[in-house]
Amino acid sequence: MITQGFVTAAQQRALALGMPGHPVIVLEHPIASKKREHMLQLARHSVEAVVSALVSSLREAHHA
Amino acid sequence: MPKPVQALVGRGASRLQVPGSVTDINDYFYERGWTDGLPIIPPAEELVVEMLAACALPGAHVLGQLPPLNGTVTVEKVAINAVMAGCKPAYFPVVLAGVRAVLQPQFNVGSITTTTGGAAPGFIVSGSIAETLGIHGGTAVFGSGHRPNATIGRAIRLTMRNLGGATAATMEKSTHGWPGKYTLCFAEYQARNPWEPLHVDLGYPAAVSTVTAVAARGIHTVVEATQESGEGVLQTLVSSMTAGGISGYAFQARGASPVVVLGPEHAAEIAAAGFSRKDVKAYLFQHVRLPLGQLKGRGHWGTRSWPEAWEKERDDFLVPLVLSPDTFVLVVAGGDGRHSSWMPAWSATERATEVIA
């Protein structure tokens, strides 16, 4: 999971680790100044995307 | 005696034939993102071989992998960047020691590149090699005009750029950054240091020379031109180090080292007042503190990383900038004048020291 400002960095890092196309969940930037309640809400809203990314990665790995 | 070209094979770098003038070559390198924006010395093979001849290691020797993009760091590739930066071959052992320091895991170089916090790696040289090579520690110590300072720091930064991916197009995320990101290398001014050298303070034998890498967010200058008591200087320094917006007050558990650079006049007065090096660090530890209530709801409060016990403290509890006196790096450098300075540490790093072989 990454905020908008770090999308390119995440993609480059995945490439460097030999995992091009590694799923990335993008959150609104910034989060550093957000309150705990806001972060919990963000986490709740992201669960589906995270599960989907994990499952699709597993599926791809299984088919590879 | 230069080493044979065969020494470069193995994990060797690519060979390029770039036709045209030095200007054309510079354009070629710049357009590919291989420079910091300043002109480079084209790394012709014979210059790289000369650089390699200044160390005992073969060019193919692997020093490690440099995050965040994990490029393989060979001695040859560091030598190429040292040529590009304008280093003399004699500087190369310092460059290599600096790269080794950067590669120490606790230095966390990948995050130093990718943070928004503007961390620049700074390299402090201590020991007799500073005088041998002319690494400057005197007047205008952070200013321009000193080839070893300018090129050693630049060589390590170019290595981080070209092997670690420290470029604004990819991994570099500093909101501002600062000119220390071009180069930041200086020596302790031993001739005017009233105490033992930095490397002895860090636990190394007096006979060796070392380079210590720190991650600095900038330089705060501190003028004290009225007080002459030694302690008066320290009081003014403390007031500078207890201002608002210093990120370290939320990340003590990470162990990052702020650097305090005492000008020689200030250092002499502090020593004359009876302070040893250890006493100065103890004084700073005791006084560089802010009331907990003043930190609440500000800065990195929401992501603070400090001892759990402090969570139960009252608002008047004085929160120290660091968890132990020895976390401070204390250096004597600079010229005449009533000035000292300090460098706030970027937070998720610990300093790294290497002996210069």
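In the predicted model, the buried residues of helix H2(B) pack against two helices of chain B, H3 (75-85) and H4 (92-103). Helix H2 itself covers residues 45-52 of chain B. Its buried residues are Val48(B), Val49(B), Met51(B) and Leu52(B). Viewed down the axis of H2(B), these residues fall within an arc of 160°, so they line one face of the helix. The spacing fits a general rule: an α-helix has 3.6 residues a turn, so residues three or four places apart point the same way.

Helix H4(B), one of the two partners of H2(B), also packs against helix H7 of chain B, which spans residues 147-164. The axes of H4(B) and H7(B) lie 9 Å apart, at an angle of about 45°. That angle is neither under 35 degrees nor within 65 to 115, and H4(B) and H7(B) are therefore oblique to each other. The crossing of H4(B) over H7(B) is right-handed. On the H4(B) side, the contact is made by Val94(B), Val95(B), Gly98(B), Val99(B) and Val102(B). These meet Ile152(B), Ala155(B), Ile156(B), Thr159(B) and Met160(B) in H7(B).

Beyond H7, the chain enters the loop that leads to strand E4 (185-187) of chain B, and Lys173(B) sits in this loop. Lys173(B) has 18 C-beta neighbours inside 10 Å and so counts as partly exposed; a buried residue would need 20 or more. Its contacts involve both chains. In chain A, Lys173(B) touches Gly5(A), Phe6(A) and Ala9(A). In chain B, leaving aside residues up to four places away in sequence, Lys173(B) touches Thr114(B), Thr115(B) and Thr116(B). Tyr28(B) lies 145 residues from Lys173(B) along the chain, and the C-alpha atoms of the two are separated by 25 Å.

At the level of the whole chain, chain B contains 12 helices and 12 strands. Its radius of gyration is 21 Å, close to the 21 Å that the globule rule gives for 357 residues, so chain B is as compact as a globular protein of that length. The C-alpha trace of chain B spans about 65 × 45 × 35 Å along its principal axes. Of the 357 residues, 48% count as buried. Contacts in chain B often bridge long stretches of sequence: among those between residues at least 6 apart, 83% join residues at least 24 apart.

Conventions. Residues are numbered from 1 along each chain as its sequence is written. Chains are lettered from A and ligands numbered from 1 in the order in which they are written. This is a predicted model: local features need pLDDT of at least 70, side-chain atom pairs count only at pLDDT 80 or more; totals for chains, interfaces and linings use all residues. A residue is buried if 20 or more other C-beta atoms lie within 10 Å of its own, exposed if 12 or fewer, and partly exposed in between; C-beta atoms are placed from the backbone. Helices (H or I, at least four residues) and strands (E, at least two) are DSSP runs, numbered from the N terminus. The arc is that of the directions from the helix axis to the C-beta atoms. Two residues are in contact if their C-beta atoms, placed from the backbone, lie within 7 Å. The radius of gyration is taken over C-alpha atoms; the globule rule is 2.2 Å times the number of residues to the power 0.38. Axes are lines fitted to C-alpha atoms, for helices over the stretch in contact, and angles run from 0 to 180 degrees between N-to-C directions. Angles under 35 degrees count as roughly parallel, over 145 as roughly antiparallel, 65 to 115 as roughly perpendicular and the rest as oblique. A crossing is left-handed if the near helix is turned anticlockwise from the far one by less than a right angle, and right-handed if clockwise.
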